[in-house]
Amino acid sequence: MTRPLLPALFVILTLVPPAVAGGTPHLTAAEIFEIRLHVPNADLSDLTPDQVRALSALLYNGEGFDLSYRIRSVLNDGRS
């Protein structure tokens, strides 16, 4: 009974670690949508990994006050 499960388990264990380990962080479609609600003309191309992490943290951990200002601050950081 365990024989048919072994190949499936092997496939799952080989595919999951790369997906979980990540690599370069990226914004999800929902995060991009929310950023564009607050800053419609935001240039989200060529973001650094630190900017992506900061934007995600703002969206999930922010109080919501001055969110547009904070997003602009993160986007302008490193581009000056």
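This briefing covers the fold, confidence and helix packing of one protein chain. The model is predicted. The chain contains 4 helices and 0 strands, in the order α-α-α-α along the sequence. Two helix pairs are described below, H3 with H4 and H2 with H4, followed by a residue of H3, Ser 56.

**Confidence**

- The mean pLDDT of the protein chain is 79, and 66% of the residues reach at least 70.
- Helix H1 (residues 5-21) has the lowest mean pLDDT among the elements, at 58, while helix H2 (residues 29-38) has the highest, at 93.
- Where pLDDT is low, predicted coordinates should not be read in detail.

**Overall burial and contacts**

- Of the 80 residues in the protein chain, 21% are buried.
- Taking contacts between residues at least 6 apart in sequence, 62% join residues at least 24 apart.

**Packing of H3 with H4**

- Helix H3 spans residues 49-61 and helix H4 spans residues 67-76; their axes lie 9 Å apart, at an angle of about 170°.
- Because angles over 145 degrees count as roughly antiparallel, H3 and H4 are therefore roughly antiparallel to each other.
- On the H3 side, the contact is made by Gln 51, Ala 54, Leu 55, Leu 58 and Leu 59.
- H4 contributes Leu 67, Arg 70, Ile 71, Val 74 and Leu 75 to this contact.
- By class, the residues of the H3 and H4 contact are 8 nonpolar, 1 polar and 1 charged.

**Packing of H2 with H4**

- H2 and H4 pack with their axes 9 Å apart and an angle of about 110° between them.
- This angle falls in the range of 65 to 115 degrees, so H2 is roughly perpendicular to H4.
- The crossing of H2 past H4 is left-handed.
- H2 makes the contact through Glu 34, Ile 35 and His 38, and H4 through Leu 67, Ser 68, Ile 71 and Arg 72.
- The contact of H2 with H4 divides into 3 nonpolar, 2 polar and 2 charged residues.
- Leu 67 and Ile 71 of H4 appear in the contact with H3 and also in the contact with H2.

**Ser 56**

- Ser 56 lies in helix H3.
- The relative accessible area of Ser 56 is 16%; the cut-off for burial is under 20%, so Ser 56 counts as buried.
- Apart from neighbours within four places in sequence, Ser 56 contacts Leu 27 and Glu 31.

Notes:
Residues numbered from 1 in each chain as written. Predicted model: local features only at pLDDT ≥ 70, side-chain atom pairs only at ≥ 80, totals over all residues. Heavy atoms only, no water. Axes fitted to C-alpha atoms, helices over the stretch in contact; angles between N-to-C directions. Parallel < 35°, antiparallel > 145°, perpendicular 65-115°, else oblique. Contact = heavy atoms within 4.5 Å. Nonpolar A, V, L, I, M, F, W, Y, C, P; charged D, E, K, R; others polar. Buried < 20%, exposed > 50% of the residue type's maximum accessible area, 1.4 Å probe, protein only. pLDDT = per-residue confidence, 0-100. Left-handed = near helix turned anticlockwise from the far one by under 90°.
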